[in-house]
Amino acid sequence: MLRALLLAPPGAGKGTQGERLSEHYGVPHLATGDALRRHVAEGSEIGAQAGAYMERGELVPDRLVLELVLHLLSEPEPLEGFILDGFPRTLNQAKTAFQWGKANGRTFHAVISLDVPEDELVRRLLERGAAQGRIDDSDDTIRNRLRVYDEFTEPLLDFYRERGILVEVDGEGPVEDVGARLRAQVDRLYPGSDASA
Ligand code: ADP
């Protein structure tokens with residue numbers, strides 16, 4: 001089963017494409033942002049600590065995110081397939097994810113990056129903020145999230161490029177076209193798939 005990571009800036013379409021990949025390959029879509037928002041809504045211990053960081057558009061500390069993600073991936077038993085969306089976002093998270101994969105015989109097949117120019121990202125996020133009222137989709141917070149992406153997350157692309165599993169896809173244009181480009185590239189790294197047949 002496919003194990004892929006979606007690593008792209010806010011507004012690039014991780015959530016949308018993550019859902020589509022999940023359906024196509026028949027594996028769960030695990031989005032750390034969604035999982036964290038659920039914790040905040042439920043007022044759990046993790047949520048109580050994470051909420052303030054999310055509102056400011058800062059990264060939630062690795063300690064909390066790793067606790068959450070390792071639980072999602074490992075309980076009740078190590079997941080065989082998944083689309084992991086929004087994780088890892090720091091080198092420390094990437095290293096821990098890599099170790100988890102090795103230790104459990106579940107290394108990742110593909111790491112997907114969606115390329116979208118910054119002015120288009122800002123436009124999409126402002127539109128989503130107006131439509132859905134997500135608290136972190138406001139002007140200042142958007143700029144902070146983009147800065148945080150450039151500083152902490154974008155460098156991870158090299159980490160995966162060196163490992164030969166990075167897939168870079170043009171994220172502009174109709175959702176269906178982006179999805180088709182994405183699947184074509186993933187299938188090259190993951191020929192085990194018969195889902196495209
Ligand atoms: P976006 O990519 O549009 O910023 P997400 O839903 O992926 O949206 O993330 C929302 C917020 O959740 C982030 O700004 C951050 O505060 C927190 N978050 C999500 N995933 C992680 C992660 N892997 N590490 C740290 N913080 C995270």
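Ala, Val, Leu, Ile, Met, Phe, Trp, Tyr, Cys and Pro count as nonpolar, Asp, Glu, Lys and Arg count as charged, and the others, Gly among them, count as polar. The exercises below refer to a predicted model.

**Exercise 1. The second largest pocket**

Task: Find which residues line the second largest pocket, and sort this lining by class.

Solution.
Step 1. The second largest pocket holds about 160 Å³ of space, and its lining is made up of R37, V40, A41, G51, M54, E55, R134, I135 and D136.
Step 2. When each of these names is placed in its class, the lining comes out as four nonpolar, one polar and four charged residues.
Step 3. To see where the lining comes from, turn to the helices: α2 and α3 (45-56) each contribute at least two residues to it.

**Exercise 2. The largest pocket**

Task: State the volume of the largest pocket, name the residues closest to its centre, and decide which element gives the most to its lining.

Solution.
Step 1. The volume of the largest pocket is about 1,000 Å³.
Step 2. Its lining has 46 residues, and P10, G11, K14, R128 and R134 are the ones closest to the centre.
Step 3. Two or more lining residues come from each of α1 (14-25), α2 (32-42), α6 (118-132), α7 (139-153) and α9 (175-189), and with six residues α6 gives the most.
Step 4. Sorted by class, the lining of the largest pocket contains 18 nonpolar, 14 polar and 14 charged residues.

**Exercise 3. Strands β1, β3, β4 and β5**

Task: Work out which strands pair with β4, in what sense they run, and whether the residues on the two faces of β1 are buried or exposed.

Solution.
Step 1. Start with strand β1 (residues 3-6), which pairs with β4 in the parallel sense over three bridges; within this pairing L5 stands opposite V111, and L6 stands opposite I112.
Step 2. Go on to strand β5 (residues 166-170), which runs parallel to β4 and is joined to it by five bridges; here I112 is placed opposite V167.
Step 3. Return to β1, which also pairs with β3, again in the parallel sense, over four bridges, and where A4 has I83 of β3 as its bridge partner.
Step 4. In a regular strand the side chains alternate between the two faces of the sheet. In β1, R3 and L5 lie on one side and A4 and L6 on the other, and all of them are buried, so that both faces are covered.
Step 5. Strand β4 (residues 110-115) is likewise mostly covered, with five of its six residues buried.

**Exercise 4. The nonpolar cores**

Task: Identify the residues that touch the most other members of the largest nonpolar core, and find the element that gives the most residues to this core.

Solution.
Step 1. The largest nonpolar core has 30 residues, and among these L84 and Y160 touch the most other members.
Step 2. The elements that supply two or more of its residues are α2, α3, α4 (62-74), β3 (82-85), α5 (91-103) and α8 (156-162), and α4 gives the most, with six residues.
Step 3. With neighbours within four places in sequence left aside, the contacts of L84 are A4, L5, L6, L30, V69 and L73.
Step 4. There is also a second, separate core of 24 residues, which includes L6, I112, V167 and Y190.

**Exercise 5. Buried or partly exposed?**

Task: Decide whether T153, D170 and L79 are each buried or partly exposed, and list their contacts, leaving aside neighbours within four places in sequence.

Solution.
Step 1. The cut-off is needed here: a residue is buried under 20% relative accessible area, exposed over 50%, and partly exposed in between.
Step 2. T153, which lies in helix α7, has a relative accessibility of 3% and therefore counts as buried; its contacts are L7, P88, R89 and V148.
Step 3. D170, found in strand β5, has a relative accessibility of 40% and therefore counts as partly exposed; its contacts are D115, V178 and R181.
Step 4. L79 belongs to the loop between α4 and β3, and because its relative accessible area is 24%, L79 is partly exposed; the residues that L79 touches are P28, L30, L72, L73, W100 and R106.
Step 5. As a last check on separation, L79 and R3 lie 76 residues apart in sequence and 9.1 Å apart in space, C-alpha to C-alpha, while the C-alpha atoms of D170 and G105, 65 residues apart along the chain, are separated by 31 Å.

Methods: Residues numbered from 1 in each chain as written. Predicted model: local features only at pLDDT ≥ 70, side-chain atom pairs only at ≥ 80, totals over all residues. Heavy atoms only, no water. 1 Å grid on protein atoms, 1.4 Å probe; cavity = no way out; pocket = protein on both sides within 12 Å on 5 of 7 lines; lining within 4 Å. Points joined across faces, edges and corners; volume = space filled by probe spheres on them. Buried < 20%, exposed > 50% of the residue type's maximum accessible area, 1.4 Å probe, protein only. Pairing = 2+ DSSP bridges. Core = buried A, V, L, I, M, F, W, Y, C linked by side-chain atoms within 4.5 Å. Contact = heavy atoms within 4.5 Å.
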